[in-house]
Amino acid sequence: SRPADRGLEKTLRQAGLLLEERLEQIAASEDLGILKAVLLGEKRDMDDDLYKLYQKNGISHVLAISGLHVSVIGMGLWNGLRKLGAGYWSAGAAAFGMLFCFGSIAGFGPSVVRAVFMMGISFVAGIFGRTYDLPSAMCVPGMGILLWNPYMLTQASFQLSFLAVFAIFFPGAYLTKVWKLQGFLQNVWTSVSIQVVTLPVVLYYSFEVPVFGLVLNMFVVPLMTYVLVSGILGLAGSFLWIRLGMFLLGGAHYIRALYWMVCQCVE
């Protein structure tokens, strides 16, 4: 690799370590493992019992960097830069650059690669005034990943990530349009679609289906947005004042506690 590439890699690695240190300073001990996992893709400090509890109840996927994380960060940056007066090109380039750095820090897994490049395609569509087509956007990173490493097709992470996105399109969006679903019902049907389409893969790898997984995911997944926002604001605020960072992490703390309580109730 070229010196510039090695320099960027070293800089991103140092940035990741700095963010880890910040989280250790501002997060409560019971929250630290989860926040490192969902914000930085680092699972070394994840409590095994907690992970097993989430896995048993079918919500362990919230502990992995996913399309939700990338969407929250990417669209937040894009919309923020646009409101500040940036043009489509500059906003898209800056947002994609930040997402690429985030993906590098989080360790570009299949779901992160897919989400980052799908978001990049949505920026390009906005720049050229074109309609964003989800199936087409999904195929681009999918083909890229398989050209890079064809054996990824046999990995559960690749299969679940792309099946979940496909489910959002069909039967999710297709039947949403046919049945004219809106608001809460639309969200429920999208969640059901993802659960049903990914069920064969979940069964193949884990040999079990969490009984309450479908219901819990309809409750857990929407709240993850607030966990992410709280975590990002907490990290950013900590560079101004440590106590500010602690305060801003409060939302993530109470949602994490709520997850634990709900999982205990349905065991």
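**Exercise 1. Is the crossing of H3 and H12 left-handed or right-handed?** Work out how these two helices meet.

*Solution.* A quick reminder before we start: this is a predicted model.

Step 1. Two packed helices are described by the angle between their axes and the distance between the axes.

Step 2. Find helix H3 at residues 48-56 and look at how its axis runs against that of H12: the two come within 10 Å and cross at roughly 60 degrees.

Step 3. Now for the hand: the crossing of H3 and H12 is left-handed.

Step 4. Which residues make the contact? From H3 come Leu-50, Leu-53 and Tyr-54, while H12 brings Arg-256, Tyr-259, Trp-260, Cys-263 and Gln-264.

Step 5. Sort the residues of this contact by class, and you get 6 nonpolar, 1 polar and 1 charged.

**Exercise 2.** Look for enclosed space in the model and describe what surrounds it.

*Solution.* Rolling a probe the size of a water molecule over the atoms shows where empty space is left.

Step 1. How many cavities of 30 Å³ or more are there? The count comes to 1.

Step 2. The largest cavity holds about 80 Å³ of space.

Step 3. Its lining is made of 13 residues, and the ones nearest its centre are Ile-34, Met-224, Val-227, Arg-256 and Tyr-259. Arg-256 and Tyr-259 already turned up in the contact of H12 with H3.

Step 4. Which helices each supply at least two residues of this lining? They are H2 (29-40), H10 (213-238) and H12 (250-266).

Step 5. By class, the lining of the largest cavity comes out as 10 nonpolar, 1 polar and 2 charged residues.

**Exercise 3.** Do the same for the second largest pocket.

*Solution.* Step 1. The volume of this pocket is about 530 Å³.

Step 2. There are 16 residues in its lining, with Leu-19, Ile-73, Met-98, Phe-102 and Ile-232 nearest the centre.

Step 3. H1 (3-26), H2, H4 (67-83), H5 (88-106) and H10 each give at least two residues to the lining of the second largest pocket.

Step 4. The class split for this pocket's lining is 15 nonpolar, 1 polar and no charged.

**Exercise 4.** Decide whether Ser-111 and Lys-180 are buried or exposed.

*Solution.* Step 1. Start with Ser-111, which you'll find in helix H6, residues 110-128.

Step 2. Ser-111 has 18% relative accessibility, so it counts as buried; the cut-off for that is under 20%.

Step 3. Leaving out residues up to four places away in sequence, Ser-111 touches Ile-65, Ser-66 and Ser-161.

Step 4. Next, go to the loop between H8 (156-179) and H9 (183-206), where Lys-180 is found. Its relative accessible area is 70%, so Lys-180 is exposed, the cut-off here being over 50%.

**Exercise 5.** Pick out backbone details in and just after H8.

*Solution.* Step 1. Pro-171 is part of H8. The peptide bond leading to Pro-171 from Phe-170 is cis, and its omega is near 10 degrees.

Step 2. Lys-180 isn't a glycine, yet its phi is positive, at about 55 degrees.

Step 3. How far apart are the C-alpha atoms of Lys-180 and Thr-154? They're separated by 36 Å, with the two residues 26 residues apart along the chain.

Notes
Residues numbered from 1 in each chain as written. Predicted model: local features only at pLDDT ≥ 70, side-chain atom pairs only at ≥ 80, totals over all residues. Heavy atoms only, no water. 1 Å grid on protein atoms, 1.4 Å probe; cavity = no way out; pocket = protein on both sides within 12 Å on 5 of 7 lines; lining within 4 Å. Points joined across faces, edges and corners; volume = space filled by probe spheres on them. Helix = DSSP H or I, 4+ residues; strand = E, 2+ residues; numbered from the N terminus. Nonpolar A, V, L, I, M, F, W, Y, C, P; charged D, E, K, R; others polar. Axes fitted to C-alpha atoms, helices over the stretch in contact; angles between N-to-C directions. Left-handed = near helix turned anticlockwise from the far one by under 90°. Contact = heavy atoms within 4.5 Å. Buried < 20%, exposed > 50% of the residue type's maximum accessible area, 1.4 Å probe, protein only.
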